[in-house]
Amino acid sequence: VLVGGRGSNLEALIRAGVDVVQVVSHRPGVRALAVAAAAGIPAAVVDPARAASRAEWDRALCRQVEEIPCDGVIMAGFLRQVGPPLLERYGERIVNVHPSLLPAFPGLHAVRQALAYGVKITGVTVHFVEAALDQGPIIAQEAVAVVPDDTEDTLTARVQQVEHRLLPAVVRDLDQGRIRRNGRRVWREESECAPW
Ligand code: GAR
């Protein structure tokens with residue numbers, strides 16, 4: 001699981017019984033690392049500030065992830081784009097959770113963007129990761145209504161409640177081979193096909 005913040009999605013994955021073999025953060029000192037430590041999960045920091053270049057950081061991130069074999073990579077609050085080494089190594093086995101109904105409000109502060117725009121409905125997207133930011137094929141989405149006196153904090157809290165349910169459910173489906181993909185179209189089937 002790739003993290004960079006509070007680690008509430010990491011906690012949700014652990015609670016749901018996902019076998020998290022390693023946590024990698026792009027930021028030192030974040031709460032997500034403490035969550036990993038408390039759960040006895042090996043954790044590492046690959047800090048862009050300590051890499052000589054973007055390409056070197058991309059390689060370091062891939063090397064770190066490869067250190068412990070895994071079936072897939074989950075980006076849960078990892079607020080950096082991953083580069084070619086990781087994308088080539090793990091291909092269709094990288095997913096990301098994003099706090100909006102993509103393609104609306106990609107990038108940082110998606111909840112703030114939704115409030116500023118004045119949408120009545122926002123939500124959560126779980127998608128496969130591709131090189132372009134927040135543009136990979138969508139696996140699952142769920143809507144969250146915006147209410148008149150919402151602040152960034154109150155709306156974030158409701159969006160995250162949905163994330164904590166949707167992301168583990170998608171990971172379980174991927175693990176059980178219930179997710180099929182044809183180009184950009186992804187759907188869930190009751191019968192199993194190829195697991196991660
Ligand atoms: C989550 O809300 C996630 O959707 C968002 O960061 C938060 C991390 O929270 N990700 C993005 O905005 C990616 N563009 P967490 O550290 O408590 O799981």
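Before starting, I fixed my vocabulary: helices (H or I, at least four residues) and strands (E, at least two) are DSSP runs, numbered from the N terminus. I also noted that I'm looking at a predicted model.

**Entry 1: the loop after S5**

I went first to Phe 105, which I found in the loop between S5 and H5. Its phi is near 55°, so I wrote down a positive value in a residue that isn't glycine. Pro 103 turned up in the loop between S5 and helix H5 (110–117) as well. What is the peptide bond from Leu 102 to Pro 103, cis or trans? I checked omega, found it near 10°, and put the bond down as cis.

**Entry 2: around the ligand**

Next I looked up who surrounds the ligand. There are 13 residues around it, and Gly 7, Ser 8, Asn 9, Gln 160 and Glu 163 come nearest. I sorted the residues of this shell by type and got 3 nonpolar, 8 polar and 2 charged.

Then I went through some polar contacts. At Ser 8, I found a side-chain N or O atom 2.6 Å from an oxygen atom of the ligand. At Val 97 it's the backbone that takes part, with an N or O atom 3.5 Å from a ligand oxygen. For His 98, I noted a side-chain N or O atom 3.1 Å from a nitrogen atom of the ligand. How much of the ligand's exposed area does the protein bury? Taken alone, the ligand exposes 450 Å², and the protein buries 89% of that.

I also asked myself where the ligand sits. The place is the largest pocket. Helix H1 (8–15), strand S5 (94–98) and helix H6 (152–175) are the elements that each give two or more residues to the shell around the ligand.

**Entry 3: aromatic rings**

Last, I looked for paired rings, and the count came to 2 aromatic pairs. One of them is Trp 57 with Phe 78, and their centres are 6.1 Å apart. Why is this pair called stacked? The planes are 15° apart, and planes under 30 degrees apart count as stacked. I traced both partners along the chain too: Trp 57 belongs to helix H3 (residues 54–66), while Phe 78 is in the loop between strand S4 (73–75) and helix H4 (84–90). They are 21 residues apart, and I noted that the pair links distant parts of the chain.

Technical notes. Residues numbered from 1 in each chain as written. Predicted model: local features only at pLDDT ≥ 70, side-chain atom pairs only at ≥ 80, totals over all residues. Heavy atoms only, no water. Near = heavy atom within 4 Å. Polar contact = N/O pair within 3.5 Å; in protein donor to acceptor, adjacent residues only side chain to side chain. Areas by Shrake-Rupley, 256 points an atom, 1.4 Å probe, with all protein chains shown as cover. 1 Å grid on protein atoms, 1.4 Å probe; cavity = no way out; pocket = protein on both sides within 12 Å on 5 of 7 lines; lining within 4 Å. Sits in = over half its atoms within 2 Å of the grid points. Nonpolar A, V, L, I, M, F, W, Y, C, P; charged D, E, K, R; others polar. Phe/Tyr/Trp six-rings, centres within 6.5 Å; stacked < 30°, edge-to-face > 60°.
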